[in-house]
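Colleague: Hi! Could you walk me through this one?

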Amino acid sequence: MRLLSSIFLCAVLMTIFLNSEVYSQSLKSEIRNLSEGADMIVTGKVVDQKSQWNSEKSRIYTNVTIQVDEFLKGSNNQNRIIISHLGGEVGNVGETYSHIPNFANDEEVLVFVKKSDKDESLSVFEGEEGKLTLYQDKTTGEKVTSKNVKASEMKKEIKNYVEMK
């Protein structure tokens, strides 16, 4: 019985270890793809959101203004960027779309941004995968991402991918 318990414990520990390694590699691969595909990568704070109808009044778009703290890739030589996305609320009408990231005022974010070839407007690259919320870890005081990775490590990794390209 004791041997069986030991084997079971080892199997559980190996499963946990292997899954964390796979997750770690998967996250690194995701960050690499986002870093290589984005035109701009920024950290900053959401300072404003405005939703409006398109000219045909068939869709709602929201413009999210981000006060930029740091450009990790690209730049527009300004301290604010405006990201547009489908969805939002105008009056008592709301539209939501799957895979479109949600933003909140005063939210600290790390965003992978793509420029439109048509009109130079900015959007989040790869939808909700391209936006990470930054939180203050109450224990360490460090900023961490919504994927529970230290923001400093994530930024270092992004900069390495950007420099390799």
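Colleague: What pattern does the protein follow, read along the sequence?

Modeller: Happy to help! Keep in mind that this is a predicted model. Along the sequence the pattern is α-β-β-β-β-β-β-β-β-β-α. That comes to two helices and nine strands.

Colleague: Nice. Which way do strand 1 and strand 6 run, parallel or antiparallel?

Modeller: Strand 1 (residues 40-53) and strand 6 (residues 108-115) run antiparallel, with six bridges joining them. For one pair to find on screen, look at Thr43, whose bridge partner in strand 6 is Leu110.

Colleague: And what about strand 6 and strand 8, how many bridges are there?

Modeller: Three bridges, again in the antiparallel sense, and strand 8 covers residues 131-136. Here Val109 stands opposite Thr133. Strand 6 also pairs with strand 7 (residues 122-124), antiparallel and over three bridges. In that pairing, Lys115 stands opposite Leu122.

Colleague: What sits between strand 6 and strand 7 in the hairpin?

Modeller: Six residues lie between the strands, and Glu120 in this hairpin takes a positive phi near 65 degrees.

Colleague: Let's switch to the inside. Which residues have the most contacts inside the largest nonpolar core?

Modeller: They are Ile31, Ile41, Leu110, Phe112, Met154 and Ile158, in a core of 16 residues. Helix 1 (2-37), strand 6, strand 8 and helix 2 (151-164) each give two or more residues to this core. Helix 2 gives the most, with four residues.

Colleague: Which residues does Ile31 touch?

Modeller: Leaving out residues up to four places away in sequence, Ile31 touches Phe112, Met154, Glu157, Ile158 and Tyr161. Apart from this core there is another one, made of 14 residues, including Met40, Ile66, Ile83 and Val113.

Colleague: Why would nonpolar side chains gather like that?

Modeller: As a general tendency, nonpolar side chains in soluble globular proteins are buried together. In this protein, 32% of the 165 residues count as buried.

Colleague: How many aromatic pairs does the structure hold?

Modeller: Zero. There is a ring worth a look, though: Lys131 lies over the face of Phe103, at 5.1 Å from the ring centre.

Colleague: Last one! What is the accessible surface of the protein?

Modeller: About 10,700 Å², and 51% of that belongs to carbon and sulfur atoms. One more number for your notes concerns contacts between residues at least 6 apart in sequence: 58% of them join residues at least 24 apart.

Terms used: Residues are numbered from 1 along each chain as its sequence is written. This is a predicted model: local features need pLDDT of at least 70, side-chain atom pairs count only at pLDDT 80 or more; totals for chains, interfaces and linings use all residues. Side-chain values use heavy atoms; hydrogens and water are left out. Two strands pair if DSSP finds at least two bridges between them. A nonpolar core is a set of buried Ala, Val, Leu, Ile, Met, Phe, Trp, Tyr and Cys residues joined through side-chain atoms within 4.5 Å. Buried means under 20% relative accessible area, exposed over 50%, partly exposed in between (1.4 Å probe, protein chains only). Contact means heavy atoms within 4.5 Å. Rings of Phe, Tyr and Trp (its six-membered ring) pair if their centres lie within 6.5 Å; planes under 30 degrees apart count as stacked, over 60 as edge-to-face and the rest as tilted. A charge sits over a ring if NZ of Lys or CZ of Arg is within 6 Å of the ring centre and within 35 degrees of the ring normal. Accessible areas come from the Shrake-Rupley method with a 1.4 Å probe; for residues, only the protein chains shown count as cover.
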